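Visitor: I would like to go through this model with you. Could we begin with the vocabulary and then move on to the particulars?

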Amino acid sequence: LTLEENQKGYRYSLLEQQAILTPICKTLIYTSDWSYYYKNDPYIRFFCRAFWNPSLKNFHEYYDYADTVYDTQLEKTRPLMCLNRNLEWHRIYLLFLLHDKPWFKDIDYSFINELGDRLKKPKPVDIDKPAFTNDEIQALESIKLPINLPGEKPWTIKANYIDGGTSIDLPVYTHNAINLVTETNVLDHMGRMHSEKTAKCIMAYQIPIIISNRGANQWMEDIGLDMFSDYIPWQSWDTIQDEKHRIKAIVEFVDDIMQSPDSILKKHKEFYPRLIANKKRFHSQEFADLMIKQLYEV
């Protein structure tokens with residue numbers, strides 16, 4: 001949620017709470033909303049925990065397990081992956097756009113929850129999200145779900161990155177050149193953030209294609225990560241306001257490059273030095289300090 005969101009009036013927003021508390025004591029808000037990376041607000045500070053922990057490879061210092069693997073092989077053998085769990089509308093819409101592509105069966109794609117009555121009986125959280133047309137609903141209802149990766153069982157998939165879900169010790173990360181990341185949000189009013197989903201593709205030497213908020217790719221580039229703009233034309237869709245149009249533009253590009261999966265692997269190999277540099281940058285102390293910098297600003 002954004003700092004302005006008050007859940008349809010059910011509670012005070014974080015900004016409203018801050019306004020109430022400020023006359024009593026100094027009140028700071030810490031947020032993973034990357035738009036605050038750019039704002040010079042002494043009382044609202046940016047902290048990207050989803051990048052900071054895996055950047056330093058330090059999950060074992062905070063949680064009682066040691067199963068997070070941060071490294072994998074550089075060479076890839078498959079073109080593209082796309083993992084989907086929670087029934088967010090943009091993941092459902094992406095499923096609609098991808099499912100009839102002739103190459104869909106040739107990518108590592110998962111959609112592990114069934115739609116149920118989600119399309120015809122939206123939940124309250126869906127009220128402010130784009131609606132599905134009748135044709136889209138009909139097409140989606142014809143798709144057999146869930147779709148799992150080979151050998152994957154839904155109940156074995158860790159749901160939260162603080163429970164080992166940030167590990168890239170999986171064949172899907174080992175083998176795929178491009179990661180089509182469906183981030184947590186695409187709607188600006190739902191908050192602008194990056195999660196472990198994006199961090200994992202950088203750690204796994206993958207070319208990222210990010211489905212997220214407007215400006216999300218630009219922020220990644222601004223913090224020093226290579227977004228491969230000479231190959232992935234994210235600048236052409238990064239500022240598109242209409243979410244459906246933005247996702248369509250991404251799918252059109254993916255459809256174009258998937259006409260020749262071998263060319264994707266060839267391009268990935270050409271990018272080896274840049275993929276290595278991206279991972280090195282991500283795991284550097286300088287990068288980790290950048291993610292936590294505003295926590296210590298006076």
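Guide: Certainly. A residue is called buried when its relative accessible area is under 20%. Please keep in mind that this is a predicted model.

Visitor: With that cut-off, how many of the eight residues of helix α2 are buried?
Guide: Six of the eight residues of helix α2 (residues 49–56) are buried, so the helix is largely enclosed by the rest of the structure. The buried residues of α2 are Ala 50, Phe 51, Trp 52, Asn 53, Pro 54 and Ser 55.

Visitor: Which elements do the buried residues of α2 pack against?
Guide: They pack against α6, α7 (216–222), α10 (272–282) and α11 (285–292).

Visitor: And what follows α2?
Guide: Lys 57 follows α2, and its phi is positive, near 55 degrees.

Visitor: Let us turn to the sheet. What is the strand order?
Guide: The order is β4-β3-β5-β6, in an open sheet of four strands with parallel pairing. β4 and β6 (207–211) are the edge strands, each of which pairs on one side only. From one strand to the next, the twist averages 15 degrees.

Visitor: Is β3 largely enclosed or open to the outside?
Guide: It is largely enclosed by the rest of the structure, because five of the seven residues of β3 are buried.

Visitor: How many bridges join β3 and β5?
Guide: Three bridges join β3 and β5, in the parallel sense. Arg 78 has Asn 176 in β5 as its bridge partner, and Met 81 stands opposite Asn 179 in β5.

Visitor: What about β3 and β4, how many bridges there?
Guide: That pair is also joined in the parallel sense, over four bridges. For Cys 82, the bridge partner in β4 is Tyr 109. The chain passes from β3 through α3 to β4, and this β-α-β crossover is right-handed.

Visitor: Which strands does α6 lie across?
Guide: α6 lies across β5 and β6, and runs at about 170 degrees to β5. Another helix, α8, packs on the sheet and touches β3, β5 and β6. The direction of α8 makes about 150 degrees with that of β6.

Visitor: Changing topic to charges: how many salt bridges are there in the whole structure?
Guide: A search of the whole structure finds 14 salt bridges. One of them joins Glu 88 and Lys 129, with the closest N and O atoms 3.1 Å apart. This pair links distant parts of the chain, 41 residues apart. Glu 88 is in the loop between β3 (78–84) and α3 (89–98), while Lys 129 is in the loop between β4 (108–111) and α4 (134–141).

Visitor: Are Glu 88 and Lys 129 buried or exposed?
Guide: Glu 88 is partly exposed, at a relative accessible area of 21%. Lys 129 counts as buried because its relative accessibility is 11%, and the cut-off for buried is under 20%.

Visitor: Which residue meets Glu 136 in a salt bridge?
Guide: Lys 244 does, at 3.0 Å from N to O between the side chains. Here too, distant parts of the chain are linked: Glu 136 is in helix α4 and Lys 244 in helix α8 (residues 243–257), 108 residues apart. Glu 136 counts as buried at 8% relative accessibility, and Lys 244 is buried with a relative accessible area of 15%.

Visitor: What is the partner of Glu 286?
Guide: Glu 286 forms a salt bridge with Arg 281, where the closest N and O atoms are 3.4 Å apart. Glu 286 counts as exposed, at 55% relative accessibility, whereas Arg 281 counts as buried at 18%.

Visitor: Which residues are joined into one network by salt bridges that share partners?
Guide: Asp 33, Asp 188, Arg 192 and Arg 214 are joined in that way.

Visitor: One last residue, please. Where is Met 190?
Guide: Met 190 is in the loop between β5 (176–182) and α6 (196–203). It is buried, with a relative accessible area of 17%.

Visitor: And what separates the C-alpha atoms of Met 190 and Phe 111?
Guide: Those C-alpha atoms are separated by 22 Å, and the two residues are 79 residues apart along the chain.

Notes:
Residues are numbered from 1 along each chain as its sequence is written. This is a predicted model: local features need pLDDT of at least 70, side-chain atom pairs count only at pLDDT 80 or more; totals for chains, interfaces and linings use all residues. Side-chain values use heavy atoms; hydrogens and water are left out. Helices (H or I, at least four residues) and strands (E, at least two) are DSSP runs, numbered from the N terminus. Buried means under 20% relative accessible area, exposed over 50%, partly exposed in between (1.4 Å probe, protein chains only). A salt bridge is a side-chain nitrogen of Lys or Arg within 4 Å of a carboxyl oxygen of Asp or Glu. Two strands pair if DSSP finds at least two bridges between them. Axes are lines fitted to C-alpha atoms, for helices over the stretch in contact, and angles run from 0 to 180 degrees between N-to-C directions. Contact means heavy atoms within 4.5 Å. A crossover is right-handed if, with the strands pointing away from the viewer, the path from the first strand over the helix to the second runs clockwise.
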